Amino acid sequence: MLITFTYVPVGNMIWYSFHSWDGLRPAMEPVGVDNYVRVFTDERYWRVFLVSLYYFAASFVQIGIALYFAVVLSFSTRFRNFFKGILFFPYLLNGVAVGFVFLYFFQPGGTLDTILGGHTPLWLGDPQVANFSLAGTSVWRFTGLTFVLFLGAIQSIPGEIYEAAEIDGANRWHQFRHIIAPGIRRIISLSFILAISGSLSAFEIPFIMTGGANGTTTFVVQAYQTAFQFRKIGLASAMAVVLLAIVLLVTWIQRRLVPDEEVTLS
């Protein structure tokens, strides 16, 4: 299944990227590296990476919120199972459903405008605000996944270590700094990898809520439109290969800067 649904499609995508093809004709015209040259030289195809910066910045907010609640709910807290469910529930929702829910939430005169009252901006219509609204929606949806990763890592730390720390007079901050943070270092590293790849590949939320309008087009939305609206399968495949290469490169750099070492809590 891995070969059929991953490696073969990726191989076909790389093959398509060296051709000009509309996806309908049986014959493809070889163009060499022209598609890649266009991706890197045409401003329309590389400036959309700037939109990813909104999602990248939002992912740090997401990691911070998830880590905070994971630490708090890992200790004895009233109704902690209830709050765990609340935090994880948004991730269980379909991305399309989340997009439609927040589409009505941000619409003029909608829920958010009613709560705030007075003069409010066009949350999805103003190019200066739209990407912040979409990035905030992304934080709401994916915080649950990061929260579960952190919570599982924290709960895997033996309880005897916390007991010994309390005997030595360590408060919650000391326990977080010297026990929890070193113990979940691998998961924190994984979260940064997911944050980078997720910010570069944002698609569902901007596609459903704005369709890429008002300066919200991400790289994946641009690739989708290139393939299925403008019928340039070869160029879209080249964009996908470039995105894959960037994610792999950034991941490799991150792994070199933060090597995956054995964690000790001595």
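**View 1. Asn214, in the loop between α12 and α13.** Start with Asn214, which is partly exposed in this predicted model: its relative accessible area is 34%. The residue sits in the loop that links α12 (204–209) to α13. Check the backbone here too, as phi of Asn214 is near 60 degrees, a positive value in a residue other than glycine.

**View 2. Phe79, in the loop between α4 and α5.** Here's another positive phi: Phe79 comes in at about 60 degrees although it is not a glycine. You'll find Phe79 in the loop after α4 (52–74) and before α5 (80–92). With 56% relative accessibility, and a cut-off of over 50%, Phe79 counts as exposed.

**View 3. Helix α14 from end to end.** This helix takes in residues 233–257, 25 residues in total. At 1.5 Å a residue it should span 36 Å, and its end C-alpha atoms are indeed 36 Å apart, so the two agree.

**View 4. The buried residues of α14 and what covers them.** Buried here are Ile233, Gly234, Leu235, Ala236, Ser237, Ala238 and Met239, then Val241, Val242 and Leu243, plus Val247 and Gln254. Their cover includes helices α1 (2–16), α2 (34–41), α3 (43–46), α11 (185–200) and α13 (219–228), along with the strand β1 (19–20).

**View 5. Confidence, and the stretch 262–266.** The protein averages a pLDDT of 89, with 97% of the residues scoring at least 70. Residues 262–266 are a spot to treat separately: pLDDT is below 50 there. In the model, this stretch has 12 contacts beyond near neighbours in sequence.

How values were computed: Residues numbered from 1 in each chain as written. Predicted model: local features only at pLDDT ≥ 70, side-chain atom pairs only at ≥ 80, totals over all residues. Heavy atoms only, no water. Helix = DSSP H or I, 4+ residues; strand = E, 2+ residues; numbered from the N terminus. Expected span 1.5 Å × (residues − 1). Buried < 20%, exposed > 50% of the residue type's maximum accessible area, 1.4 Å probe, protein only. Contact = heavy atoms within 4.5 Å. pLDDT = per-residue confidence, 0-100.
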